[in-house]
Structure formats: structure tokens, C-alpha cells
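Colleague: Mind walking me through the charge pairs and the empty spaces in this one?
Modeller: Sure, pull it up and ask away.

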Amino acid sequence: MTPIPLSPLAGRRCQEALNALHSTVYFSPDFAESLAEYGVDDSMAVYLAGRAGPLGPVAAGTVTAAFYGFAHPLIAEHLPHVWSLVPPATVVELRLAAVDALLRRHLGEETLASAGMAEAARLALSAAEAGQRAGRPMFSAHADQPVPQEPHLALWYAATLLREHRGDAHIAALQHAELDGIDALVSHCASGDGMPKEVVMTKRGWTEADWSAAEGRLRERGLMDADGALTAHGELLRTQLEAETDRLDRAPYEHLGAESVARLTGLAEAFTAQAAASGAFPPELLAFFGKR
């Protein structure tokens, strides 16, 4: 029987559903509470430590390069100081424990023990096995971590791998398009697909002056109009960026195959919807994470 071809957007849709499940950790108090016991009580320090932990005790410059869309002074305010309070290996353990707590709370023991959860974990791990390490620091760092034994944690771990695999690919596409971190962020917010400026600007360490300067550069390139909306050229560029990211991120989903990708997508969307209905996401962000 001839395999069903993978549709152009199948991988993106699958990764979006898995990323929504991964993102529950950012809106749960569990991880922050565990780090507070080590003296890490700033919300940005918690985020940076959790996401950068698999990289090891790196300094701010490495994280600025790997994260791409964050202002370096913000990162330098917290790293490497955080590692003097809690080692990265401990951070990785604490984050996984926090994920365990939040998924048990929002999905329930029945869902965690279900055949669907075990199947989703198996499929997501299989996809992640085909991820490409070269040029992908965030994916590679997470891939060095041990695979959790329990299916719900294995699924979350694989979702994290696939999130970072696409993220690393997207950074490569942004660099090819000559969009630096804040220019990319401003254009994404203006596209209508990104979060509002008010949600992301200060959380990523940018000022109004930084934002205005980025808008000026986008206008000079004909990507943004005087009202702060993307021009037709800007919209086309954003479309091309996502298509190029799809191309660079295709290996995991081609490895899995169309039928299994569709199955994994459906399972991940169902788990995310259940978590959203249980209050895993802030109301203002349900449009981005809850309606999958």
C-alpha cells in the first residue's frame, strides 16, 4: 500500500498542539514554588532557569544566542547568578517534578493512565528521534536529558524536544531573512498570529525605545506601514518564514508518517483541550493555547 503523503502543514499543526501541552508549565505555580525554596523568586529568573537548565551552567551570552528574542541585559540580570543558587541539573529535575504535578492536576489520573497517553508518548518520542542536532543548540541540549519513564512525562519531554527543534529551525530562517531578535518579535506581533505587544515586550526585556527602533527598521525595509501594521511585503515575508521553518523542521514528521502525525495531533489537541478546560491557561491566552 502506498503511504499517504504528509500534507504541507501537518507537521506545523502537530507541533503547535504539542507545544500548547508543553506550555502549561509556564502558567503553573509548581515550578516557581520549588525554585523559591532555593532563593529564586523572580518570575523571569524562573523562566530562564527552567528553559536554559538543559544547557548547563552557561553564561548570559549563550542563552541570548539560543533564545534569540530576548534582550541580553535582561538575561544577564539573572544568569549566571541563578546557577550559584541552584545547579542546572537540579533545575531540570524540579521542572519535571512540577510538570508531573500540573498534569496530574489538570488531566487527572485516568487520562494519565490511558492507552491514548501511552500511544501519544510513543509517537512523539518516535518523531523526536528523527530530530537533527547540528545547528540546534536548544534541541540538542534537551535531547541529552534522560527520557522519563511515565508516559505523561515522556510525552511532555518529547513535546519539549519538538518545540525546541522547530524553534532552532525558526531562528535559522529569521537569520537568513536578516531579522534580529526584536525585529522578528515586532513583526510577529504585528502579523496577528503573535501575542500582543503588551504581553511580550517587557517580559522579554525590551523598552518602548527598542520597540520603536525595530518598527523603524521594518518600515525602512517596506515590511511595516506607518500605522504599525505589516505591509503586503511584510505579510509575505512572515508567510515565507513559516514555510521555511516547516521545511527545516520536516524530518520528525516525515519519519513518523502522515497517519501517525494525524493521530498524534488529535491526541495532543484532546489533552490540551482537557487541560485548558481545567484552567491550565490564563483566560487571556486561551486563544493561543486553549483552542487546539
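What follows is a chat about salt bridges, one cavity and one pocket in this predicted model.

Colleague: Let's start with the charges. How many salt bridges does the count come to?
Modeller: Side chains of opposite charge can pair when their charged atoms come close. The cut-off here is a Lys or Arg side-chain nitrogen within 4 Å of an Asp or Glu carboxyl oxygen. By that rule, the count comes to 18.

Colleague: Take Asp30. Which residue does Asp30 form a salt bridge with?
Modeller: The closest N and O atoms of the pair are 2.6 Å apart, and the partner is Arg105. Asp30 sits in helix H2 (residues 29-36) and the partner in helix H7 (residues 88-112), so the bridge ties together parts that are 75 residues apart in sequence. The residue you're after is Arg105.

Colleague: And is Asp30 buried or exposed?
Modeller: Buried means under 20% relative accessible area. Asp30 has 17%, so the label is buried.

Colleague: What about Arg105 across from it: which accessibility class does Arg105 count as?
Modeller: The class between buried and exposed runs from 20% to 50%. Arg105 has 41% relative accessibility, so Arg105 counts as partly exposed.

Colleague: H7 has Arg104 too. Where does its salt-bridge partner Glu150 lie?
Modeller: Glu150 and Arg104 form a salt bridge, with the closest N and O atoms 2.9 Å apart. Arg104 is in helix H7 and the two parts are 46 residues apart in sequence, so the pair ties them together from Glu150's place in the loop between helix H9 (137-143) and helix H10 (151-176). As for accessibility, Arg104 is partly exposed at 27%, and Glu150 is partly exposed at 35%.

Colleague: Now Glu208 and Lys197. How many residues apart in sequence are the parts they tie together?
Modeller: Their side chains meet in a salt bridge at 3.0 Å, N to O. Glu208 lies in helix H13 (residues 208-220) and Lys197 in helix H12 (residues 197-200), so the parts tied together are eleven residues apart in sequence.

Colleague: Which residues do salt bridges with shared partners join into one network?
Modeller: Here the bridges link up through partners they share. The joined residues are Arg12, Arg166, Arg238, Glu242, Asp246 and Asp249.

Colleague: On to the voids. Which helix gives the most to the lining of the largest cavity?
Modeller: The structure holds one cavity of 30 Å³ or more, and about 30 Å³ of space lies in the largest cavity. Its lining is Leu179, Ser187, Leu218, Leu223, Gly234, Leu237 and Arg238. With three residues, the top contributor is helix H14 (residues 232-248).

Colleague: How many residues of that largest-cavity lining are charged?
Modeller: The lining of the largest cavity has four nonpolar residues and two polar ones. Arg238 is in that lining, and Arg counts as charged. The charged count is one.

Colleague: Last one: which helix gives the most to the lining of the second largest pocket?
Modeller: That pocket holds about 190 Å³ of space and is lined by 13 residues, with Val92, Leu96, Gln145, Trp156 and Tyr157 nearest its centre. The lining divides into seven nonpolar, four polar and two charged. H7 and H10 each supply at least two lining residues, but with four residues the biggest giver is H7.

Terms used. Residues are numbered from 1 along each chain as its sequence is written. This is a predicted model: local features need pLDDT of at least 70, side-chain atom pairs count only at pLDDT 80 or more; totals for chains, interfaces and linings use all residues. Side-chain values use heavy atoms; hydrogens and water are left out. Buried means under 20% relative accessible area, exposed over 50%, partly exposed in between (1.4 Å probe, protein chains only). On a 1 Å grid over the protein atoms alone, a cavity is a set of points where a 1.4 Å probe fits but cannot get out, and a pocket is an open set with protein on both sides within 12 Å along at least five of seven lines; lining residues have an atom within 4 Å of a point. Grid points are joined across faces, edges and corners, and a volume is the space filled by probe spheres set on the points.
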